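Here are some notes to read alongside the structure, going from the whole chain down to single residues. Please keep the model open while you work through the points.

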Amino acid sequence: MTARGIRTDEDADDLDAEEALAPVKQDHGPAPDGHAPAPPAHRGHRTAHDSRAAHARSGATPWPEARDSRAAHARSGATPWPEAREIAARAVRAAVRSARRVLVPVPLDAALGLTLAAPLTALTDLPSFDTSAMDGWAVAGPGAWEVRDAGVLAGHAEPEPLTDGTAVRIATGARIPPGTTAVLRTEHGRIDDRGRLHATREVVPGQDTRPRGQECRSGDQLLPVGTQVTPAVLGLAAAAGYDTVTVVPRPRVDVFVLGDELLTGGLPRDGLIRDALGPMLPPWLRALGAEVTAVRRIGDDAEALHGALTASGADVVVTTGGTAAGPVDHVRPTLRRIGAELLVDGVQVRPGHPMLLARTKENQHLVGLPGNPLAAVSGLLTLAEPLVRILAARPAPQPCAMPLAEGAQGHPRDTRLIPVVLRGDRAVPLHYNGPAMLRGIAAADALAVVPPGGARPGQETELLDLPWASQGIGVCFT
């Protein structure tokens, strides 16, 4: 993003890679005593004692003492927007610290976009032998040189040594013969009538050669824990002799799309509308670093929602719709039924204020998104993004702000998130930014965080990156 950063010395919202990976245990088979490694932490429901203790630690309100669904939406009960993001980050940090994460190496072709859970250490010298950096001649001693008949090609065994006054044709990447003084590029040499090689430029010892270990020596650390695997990282790993790398697995996310009014194909009709969130959320979550393990359309069915939620083994469950207080809004009653721990019950943000966050199992969280599409995007970036990012051990996006090209209307009391496009050093607010609209976000480069009361033209405003703008790996390669 082309913008002026607003860095702070400490990012309280972020969990650095070392901290995120501190609980990681690699599965290297049986322990020295012959016993198998301990199983991962239990993923079942919390006991009453555990739940009460967790409530005390987090400051969340237990269900028996919580407000009813309608009261939860009162302005006095909703969580301020910055605080809601902090709560989500703190909640998943606690889960990461308590979980025993068993990691195994993955093939290079499956590692793109993941985060290294072990340093990438050189397994050999690079290059592993003296090699030619150019097509030309390997020469020994001062010229002119007698040229041997057979050349040296890449991939061949070590060639015969050279003696002073001799040369041999050599290809880029080929092993340099012992006794070589330098490599003379093709364009810097000429052959006379007697077949002798002459240099047209001064020959400097060692020129156009790559000595063994020039890039690294065996055992050197090439990349630290916490590095995100890019195509270049894959290339370096392969060059260094790796077939697999040890990475943090993608957090598993189940998406439950709620609502009887949703169509999966065709034009809206008879009071029914197309489901926009089912197609939108899975790739968005993948771009954030998640593995979407299920997308289920449940409708307005409390029993089906209860069954799906209690059966889910995902790290994060994302629901769409059903978070308000209507007759078929079943998310809060279902959470109450299973004894979930409510962490965020409404957020002071527009659109998306009915969003919620709950801990449903020991190492599982649920993000309840509103059903309106742009409101769901707001909830996704407010509550789901910190969960997925920290579970994937990805760094937080660098805080960024830009002045607005024009004023933005705000809500009297709540933060407002509006789509913007970036034009030079200004963020231009987009129209079509109502809770049910996607036309603005589809054209946007970012979301501007408009404080209560609005923002005037030229006012510097915090921006939230969209994953295709800041984390292109998730969109372009996975």
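1. This is a predicted model, and a first look at the whole protein shows that buried residues make up 49% of its 478 residues. The surface that the protein exposes comes to about 22,300 Å², of which carbon and sulfur atoms supply 52%.

2. Turning to the secondary structure, the protein has 12 helices and 31 strands. If we take the contacts in the protein with a separation of 6 or more, residues 24 or more positions apart account for 73% of them.

3. Helix α7, which covers residues 302-311, is worth following in some detail. Its buried residues are Leu 305, His 306, Ala 308 and Leu 309, and what covers them includes the strands β18 (252-257), β21 (291-297), β22 (316-320), β25 (356-361) and β26 (364-369), together with the helix α8 (331-338).

4. What caps the N-terminal end of α7? The cap is Asp 301, one of whose side-chain oxygens lies 3.1 Å from the backbone nitrogen of Glu 303.

5. A further residue to find is Gln 348, which belongs to strand β24, a strand that spans residues 347-350. Is Gln 348 buried or exposed? Gln 348 counts as buried because its relative accessible area is 19%, and the cut-off for buried is under 20%. A polar atom of the Gln 348 side chain lies 3.0 Å from the backbone oxygen of Ala 78.

Terms used: Residues are numbered from 1 along each chain as its sequence is written. This is a predicted model: local features need pLDDT of at least 70, side-chain atom pairs count only at pLDDT 80 or more; totals for chains, interfaces and linings use all residues. Side-chain values use heavy atoms; hydrogens and water are left out. Helices (H or I, at least four residues) and strands (E, at least two) are DSSP runs, numbered from the N terminus. Buried means under 20% relative accessible area, exposed over 50%, partly exposed in between (1.4 Å probe, protein chains only). A polar contact is a pair of N or O atoms within 3.5 Å; within protein, one must be able to donate a hydrogen and the other to accept it, and residues adjacent in sequence count only if both atoms are side-chain atoms. Contact means heavy atoms within 4.5 Å. Accessible areas come from the Shrake-Rupley method with a 1.4 Å probe; for residues, only the protein chains shown count as cover.
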